[in-house]
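Let's look at how some descriptive labels are earned, one value and one cut-off at a time. Have the model open beside you as we go.

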Amino acid sequence: MNDRVTTPRIAVVGSLNMDLVLQVDRAPEGGETVLAQGLRLIPGGKGGNQAVACARQGARVALFGRVGDDDHGRALRAALEADGIDHGGVLTDPIEPTGVAVITVEAGGQNRIVVVPGANGRFTLDAGLLHAALHGAGGLVLQFECPLAEVLAAAHQARAAGCPVRLNPSPIQPLPAALWPLVDTLVVNEGEAAALAGLPVATPREAAAAAQALRARGPAQVVVTLGAAGAVAADGAGCRHHPGIAVRAVDTTAAGDTFLGALSVALARGDTLDAAVEGGMRAAALCVTQPGAQPSIPTRAAVLQSPPAPAWTALP
């Protein structure tokens, strides 16, 4: 097996935020004040999280994003360097500050997130640098925490370079008609799947119907994550339900990003969609047992040592 497969290259276009994490027993109701157990500043942002997830699964990663000329931006760059991530495509905005996410994490692991985009909202793609990163890469990972026009431009470049596109359309918004046929693998949670497909997604069978409706718009592969209920994978061979892995959740903040990163690296290595989904589920299951976004993202070694995922079943 050649180095391109054993150590795939992944490009990520997306957001970088400093997460301000508040640990609370429960989130406040409207007009209510509650006490937090503490405040932590943790590197985050969906783009940064996905890049870290890919790197910790053994890929060589190039990240494209934007931070402010401030202490948060410098701290985020230092964190990327610690994971060996190429951040030459991360530009520094001379006006807007680094993006910030305020996250309340409840005792049961549930979170609520408010994001101030900051420099992410002024992200512009360096087409030359991205072209170099896409050459021979095993995937381009995208999400929606930076301007949609730049996401679309990156997807067009990937298609021209023959590089598969893995998209998580979060925060959810309608996909431009031009983007659907550029996406090879679409990864959505139940809420995103319901919004995009216009169908209920409360059970694995409903998730399968939504996944097939989304496949009809262009993506060859669709994965609908269902939290504790696992995930549904859909491709030309049909739909399969992957049951959830039972764990005690502490913080679910980066679970989706961890899943997408692990799945993307597995697909870049040539794994089947079902094997990639199982790897993503194992990585996400480890992630939610630890607090914080990037600190909770597991390594490939930890995932390989974790309990296997339950066997999947075919759905009609």
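Q: How many salt bridges does the structure hold?
A: This predicted model holds 10 salt bridges.

Q: What makes the contact of Asp83 and Arg56 a salt bridge?
A: The side chains of Asp83 and Arg56 come to 3.0 Å, N to O, and the cut-off is a nitrogen within 4 Å of a carboxyl oxygen, so the pair qualifies. Asp83 sits in the loop between helix H3 (71–82) and E5, while Arg56 belongs to helix H2 (residues 46–56), so the bridge ties together parts 27 residues apart in sequence.

Q: Why is Asp83 called partly exposed?
A: Its relative accessible area is 23%. Buried needs under 20% and exposed over 50%, so Asp83 falls in between.

Q: How do you know that Arg74 and Asp69 form a salt bridge, and which label does each residue get for exposure?
A: Their closest N and O atoms are 3.1 Å apart, and the limit is 4 Å, so the pair counts as a salt bridge. Arg74, at 46% relative accessibility, is partly exposed, whereas Asp69, with 56%, is exposed, because the line for exposed is drawn at over 50%.

Q: What makes Asp93 and Arg122 a salt bridge, and where do the two residues lie?
A: The closest N and O atoms of Asp93 and Arg122 are 2.6 Å apart, so they meet the condition of within 4 Å. Asp93 is in strand E5 and Arg122 in the loop between strand E7 (111–116) and H4, which places the partners 29 residues apart. Arg66 joins Asp93 and Arg122 in a network of salt bridges.

Q: Is Asp93 buried or exposed, and why?
A: Asp93 has 1% relative accessibility; buried means under 20%, so Asp93 is buried. Its partner Arg122, at 36%, counts as partly exposed.

Q: Why is Ile95 called exposed?
A: Ile95 has a relative accessible area of 62%, and the threshold is over 50%, so the label fits. Ile95 is found in the loop between strand E5 (86–93) and strand E6 (99–105).

Q: Why is H4 described as oblique to H5?
A: Helix H4 (residues 127–134) and helix H5 (residues 148–161) pack at about 40°, with axes 10 Å apart. Roughly parallel would need an angle under 35 degrees, and roughly perpendicular 65 to 115, so H4 is oblique to H5.

Note on methods:
Residues numbered from 1 in each chain as written. Predicted model: local features only at pLDDT ≥ 70, side-chain atom pairs only at ≥ 80, totals over all residues. Heavy atoms only, no water. Axes fitted to C-alpha atoms, helices over the stretch in contact; angles between N-to-C directions. Helix = DSSP H or I, 4+ residues; strand = E, 2+ residues; numbered from the N terminus. Parallel < 35°, antiparallel > 145°, perpendicular 65-115°, else oblique. Buried < 20%, exposed > 50% of the residue type's maximum accessible area, 1.4 Å probe, protein only.
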